[in-house]
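Trainee: I would like to learn how to read individual features from a set of coordinates, going from one residue to the strands around another. Could we work through an example together?

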Amino acid sequence: MRSGLGSVVRRAIVGVSIALAFACRRAEKPGAAAAAAPTAIPETAPSIRDTPEANRPPFFGLRAARDAAVDGRGRLWVADFEHTAIRIYDSSGGYLGGWGSRGDGKYQLKDPCGIAIGGDDVYVADTWNGRVLHFSLAGAYLGRAPGDFYGPRGVAVSSDGRVWIADTGNQRVVVCPKDLSNPKVLGGEGTPGNPFSSPFGIAAGPSGRIYVADAGNRRIEVLDTEGNFKTSFAVPGWGPTTEPYLEVDENESIYASDPASKSVAKLDRNGKELRRFTEDDAGRGFQKPTGVAIDRKNRILYVVNSDNDTIGILKLSQ
């Protein structure tokens, strides 16, 4: 086991780093810095198994993970922040593999914070490489989004296949077709009346509405299918360093993580709070819950606990 003091110190360092990153803009973009640095660890291709490794505890091997997504087979894909990796598990937490080492190669990452899946496509917000990457479910590298991203934190796929990106450091949302070409920018620094301040998580509802965790403004922004502002809901507990994420159910219910209060709120599509969860089905309290991922078919909500390196499971009603 890691020492309690060491864990506390590590979490404190991570928290201070996040706060400093968004307290002021650095002169140099993270992608430029990463490109200039030598690759310290060899790049390796993804390894994804059909059956889990034996003798591993459920959801083992995470460190300060941030976000997660469920594919059509019910597998959980996790953006493992401190290990700079993508981890894949079955629905019981069995480890199926993944990829990632620190660097800026095709299969390398630098502190990834966001992941989304649409059909056979996987998208990763490679946060401190300042880029968004596109892979297949088999792990094949398919490309990256063009443009100048700064610390992107969230990514989502809408029902029409388009990809929505919370470009956090640039205070904007970017939308692309599924191949990530021809990005369209919504908001951003210098935009008159820019609605976004430190957008983190982002989710797409079955209706086509897009929900943005606009953390700095302490609210959820709701956009239509073309990215036009529709409405917003206040979330008082949020702030520019709280790292909230969102998920949307098939009936357009919204699940919003609230890391500071160690809870996950369930809201209706109009922003009314219906329920607040503070622990998983095993009775374990949430510890800085960030990413949330829903398996609509099997009615499971996964909650990423960034502070104790676990995944909480909530069985949802039909």
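Trainee: Which backbone nitrogen lies 3.2 Å from a polar atom of the side chain of Glu 247?

Mentor: Keep in mind that this is a predicted model. The backbone nitrogen in question belongs to Ile 294, and its partner is a polar atom of the Glu 247 side chain, at 3.2 Å.

Trainee: Where does Glu 247 lie, and which residues does Glu 247 touch, not counting residues up to four places away in sequence?

Mentor: Glu 247 lies in strand β18, which spans residues 246–248. Leaving aside residues up to four places away in sequence, Glu 247 touches Ala 203, Ser 253, Ile 254, Tyr 255, Val 292, Ala 293 and Ile 294, and the last of these also supplies the backbone nitrogen just discussed.

Trainee: Which side chain of opposite charge is nearest to Glu 247, and how should I read the distance?

Mentor: A salt bridge requires a side-chain nitrogen of Lys or Arg within 4 Å of a carboxyl oxygen of Asp or Glu. For Glu 247, which is buried, the nearest side chain of opposite charge is Arg 296 at 4.7 Å, and Glu 247 has no salt bridge.

Trainee: Turning to a loop, why does Gly 169 count as buried or exposed?

Mentor: The class rests on relative accessible area, with buried meaning under 20%. Gly 169 counts as buried because its relative accessibility is 3%. This glycine is found in the loop between β11 (163–167) and β12 (172–176), and its C-alpha atom is separated by 6.5 Å from that of Ser 198, although the two residues are 29 apart along the chain.

Trainee: How do the strands on either side of that loop pair, and what joins β12 to β13?

Mentor: To read pairing, look at the number of bridges and at the direction of the strands. β11 and β12 run antiparallel and are joined by 5 bridges, with Ala 166 standing opposite Val 173; they form a hairpin with 4 residues between them, where Gln 171 in the turn has a positive phi of about 55°. β12 is also joined to β13 (residues 184–187), by 4 bridges and again antiparallel, and there the bridge partner of Arg 172 is Gly 187.

Trainee: Which residues of β12 are buried on each side?

Mentor: Arg 172, Val 174 and Cys 176 are buried on one side, and Val 173 and Val 175 on the other, so that both faces are covered. Cys 176 counts as buried because its relative accessible area is 1%.

Trainee: How many disulfides does a search of the whole structure find?

Mentor: The search finds 0 disulfides.

Terms used. Residues numbered from 1 in each chain as written. Predicted model: local features only at pLDDT ≥ 70, side-chain atom pairs only at ≥ 80, totals over all residues. Heavy atoms only, no water. Helix = DSSP H or I, 4+ residues; strand = E, 2+ residues; numbered from the N terminus. Buried < 20%, exposed > 50% of the residue type's maximum accessible area, 1.4 Å probe, protein only. Lys, Arg positive; Asp, Glu negative; His and termini not counted. Polar contact = N/O pair within 3.5 Å; in protein donor to acceptor, adjacent residues only side chain to side chain. Contact = heavy atoms within 4.5 Å. Pairing = 2+ DSSP bridges. Disulfide = S-S within 2.5 Å.
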